[in-house]
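This report describes a sheet, a helix that lies across part of it, and a pocket. Two individual residues are treated at the end.

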Amino acid sequence: MTLQGDYLGMPVTIADLDEENHSFYSFCGQGELRLQSCSACNKLRTPPTTACPYCTSEGATWVILSGKGTVYSYGEVHHAIQSSFRTHTPYSILLVELDEQKETPGPEDGLRLIGNLANTDGTLASPELVSSIGIGTRVEVVFAPIGDGIAQPLWRISKTEEQPKSPWRYPIE
């Protein structure tokens, strides 16, 4: 069954033929952050795909992750191209390195997911929150329901993890 939803006024459709993304977003719709674990080498992978990028094995299982990570990089959008995002500017797009499989298979590698910065309730972050994050900020996943059985993974600042005293931010002004 095709997954359909709406994220901030934009239609989202994931066809059932796109099995890997269909599974990923279905798990998100259940409030679970899951990634594929290779049946041969046991490495986690993202984005979801039909074969392991490390050993080319086709076998995989879906495993639940902690949903915790560190901001690896970020971008602040002050001029939204999509009209549905204009009322939310400025907003942040985060590249989060997950705690699982950190620096594996090498020091430059790691599991990284992209998502918007959110308030604790899953709505897009306020301008004050956007200006407070930076590289090194500890975050955790929060799911924004966008349709029946589908959710968008977003990131909120962790209240339980120790935060850096001053996360590194790009000089904007």
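In which sense, parallel or antiparallel, do strand β9 and β10 pair, and over how many bridges? In this predicted model, β9 (residues 138-147) pairs with β10 in the antiparallel sense, over 8 bridges. Within this pairing, proline 145 of the chain stands opposite alanine 151 in β10. The two strands form a hairpin with 2 residues between them, and glycine 149 in the turn has a positive phi of about 80°.

**The sheet**

The hairpin strands belong to an open sheet of 5 strands, ordered β8-β7-β6-β9-β10, with antiparallel pairing. β8 and β10 stand at the edges with a single partner strand each, so one side of each has no neighbour in the sheet. On average, neighbouring strands of this sheet are turned by 35° against each other, direction ignored. In general, strands of a sheet pair through backbone hydrogen bonds.

At the β8 edge, strand β7 (residues 91-98) and β8 run antiparallel and are joined by 5 bridges. Valine 96 stands opposite leucine 113 in β8. At the other edge, β10 is largely enclosed by the rest of the structure, because 7 of its 8 residues are buried.

**The helix across the sheet**

Helix α1 lies across β9 and β10 and runs at about 65° to β10. Its buried residues are Glu20, His22, Phe24, Ser26, Phe27 and Cys28. The elements that cover these buried residues include β1 (3-7), β2 (10-14), β3 (34-38) and β5 (60-64), as well as β9 and β10. Just after α1, glycine 31 takes a positive phi of about 80°.

**The largest pocket**

The largest pocket holds about 230 Å³ of space. It is lined by 13 residues, of which Phe24, Tyr25, Leu113, Ile114 and Pro153 are the closest to its centre. At least two lining residues come from each of α1 (19-29), β8 (112-116) and β10 (150-157). The largest share, 4 residues, comes from β8. By class, the lining has 8 nonpolar, 4 polar and 1 charged residues. Two of the names recur from the description above: Phe24 is among the buried residues of α1, and leucine 113 in β8 is the residue opposite valine 96.

**Two buried residues**

Threonine 70 is found in strand β6 (residues 68-77), whereas alanine 125 lies in the loop between β8 and α2 (127-130). With the cut-off for burial set at under 20% relative accessible area, the values below place each of them in the buried class.

| Residue | Relative accessible area | Class |
|---|---|---|
| Threonine 70 | 16% | buried |
| Alanine 125 | 6% | buried |

Which residues does threonine 70 touch, not counting those up to four places away in sequence? Its contacts on that basis are Leu95, Val96, Glu97, Lys102, Gly136, Thr137 and Arg138. Val96 in this list is the residue that stands opposite leucine 113.

Counted in the same way, with residues up to four places away in sequence left out, alanine 125 touches Pro90, Leu117, Ala118, Asn119 and Val130. The C-alpha atoms of alanine 125 and tyrosine 91 are separated by 6.7 Å, although these residues are 34 residues apart along the chain.

Terms used: Residues numbered from 1 in each chain as written. Predicted model: local features only at pLDDT ≥ 70, side-chain atom pairs only at ≥ 80, totals over all residues. Heavy atoms only, no water. 1 Å grid on protein atoms, 1.4 Å probe; cavity = no way out; pocket = protein on both sides within 12 Å on 5 of 7 lines; lining within 4 Å. Points joined across faces, edges and corners; volume = space filled by probe spheres on them. Nonpolar A, V, L, I, M, F, W, Y, C, P; charged D, E, K, R; others polar. Buried < 20%, exposed > 50% of the residue type's maximum accessible area, 1.4 Å probe, protein only. Pairing = 2+ DSSP bridges. Axes fitted to C-alpha atoms, helices over the stretch in contact; angles between N-to-C directions. Contact = heavy atoms within 4.5 Å.
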